[in-house]
Amino acid sequence: MRWLWYFIIYSFAGFLLEVAFARAIRHPKRDRKCFLILPLCPVYGIGACLILLLAPLVKSPLWVALAGGLAATGAELFMGLFYRFVLGVEFWNYSGIPGSLGGLVCPAFSACWTVLALALVYAVHPSVAALGAHIPGWLGPPAFILLGADALVSCAALRQSGTTEVLKWYAP
């Protein structure tokens, strides 16, 4: 169950990072969640879990950074392809950034993921692991059901509408 909590915590942290980034650059799209109800960005949860799975295999910080950057970029590419070709929506598009691959990944953000991988493994995750160890086991199944239900409903809504705006049920 700890990996479920890591996924949820890092998906929520990714949502907060996205909101802060959107506000910092004054982007008109300030709402950055990817689920209908839960304020989560699953690409961050997947990327973080991949980085954490790889980190013990590559001991030095340099390799953690490189492997982590590649893992996070891979997660971003996979999720971008899933959103675009399975659900028919785009949450991000890097087409205007030099070196972009289909608008889904780009060197500038891959460099950011590389630096964030180091921060994740050496600064953030020890505290998250300690927090996760204190979450009662009985919360796992309800959290999994809520996450799965929201994911299914969100995917259906995105696929049917063809726009991420469908997630803004609370907006006028």
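Tutor: Rings of Phe, Tyr and Trp, the last by its six-membered ring, pair if their centres lie within 6.5 Å. The model discussed here is predicted.

Student: Which residues form one aromatic cluster?

Tutor: Ring pairs rest on the centre distance just given, within 6.5 Å. One cluster in this predicted model is formed by F21, Y44, Y94, F109 and W113.

Student: How many aromatic pairs does the structure hold?

Tutor: The same kind of ring pair is counted over the structure, with centres within 6.5 Å. The count of aromatic pairs is 9.

Student: Is the pair of Y83 and W92 stacked or edge-to-face?

Tutor: The ring centres of Y83 and W92 are 6.0 Å apart, and their planes stand at 85 degrees. Planes over 60 degrees apart count as edge-to-face. The pair of Y83 and W92 is therefore edge-to-face.

Student: Is W92 buried or exposed?

Tutor: Buried means under 20% relative accessible area. W92 has a relative accessible area of 17%, so W92 is buried.

Student: Are helix 1 and helix 2 parallel or oblique to each other?

Tutor: Helix 1 spans residues 2–24 and helix 2 residues 42–54; their axes come within 7 Å and cross at roughly 125 degrees. That angle lies outside 65 to 115 degrees and is not over 145, so it falls in the remaining class. The two helices are therefore oblique.

Student: How many nonpolar residues has the contact of helix 1 with helix 2?

Tutor: The contact includes W3, Y6 and F7 of helix 1 and I46, L52 and L53 of helix 2. By class there are 3 polar residues and 1 charged, while the nonpolar ones number 12.

Technical notes
Residues are numbered from 1 along each chain as its sequence is written. This is a predicted model: local features need pLDDT of at least 70, side-chain atom pairs count only at pLDDT 80 or more; totals for chains, interfaces and linings use all residues. Side-chain values use heavy atoms; hydrogens and water are left out. Axes are lines fitted to C-alpha atoms, for helices over the stretch in contact, and angles run from 0 to 180 degrees between N-to-C directions. Helices (H or I, at least four residues) and strands (E, at least two) are DSSP runs, numbered from the N terminus. Angles under 35 degrees count as roughly parallel, over 145 as roughly antiparallel, 65 to 115 as roughly perpendicular and the rest as oblique. Contact means heavy atoms within 4.5 Å. Ala, Val, Leu, Ile, Met, Phe, Trp, Tyr, Cys and Pro count as nonpolar, Asp, Glu, Lys and Arg as charged, and the others, Gly among them, as polar. Rings of Phe, Tyr and Trp (its six-membered ring) pair if their centres lie within 6.5 Å; planes under 30 degrees apart count as stacked, over 60 as edge-to-face and the rest as tilted. Buried means under 20% relative accessible area, exposed over 50%, partly exposed in between (1.4 Å probe, protein chains only).
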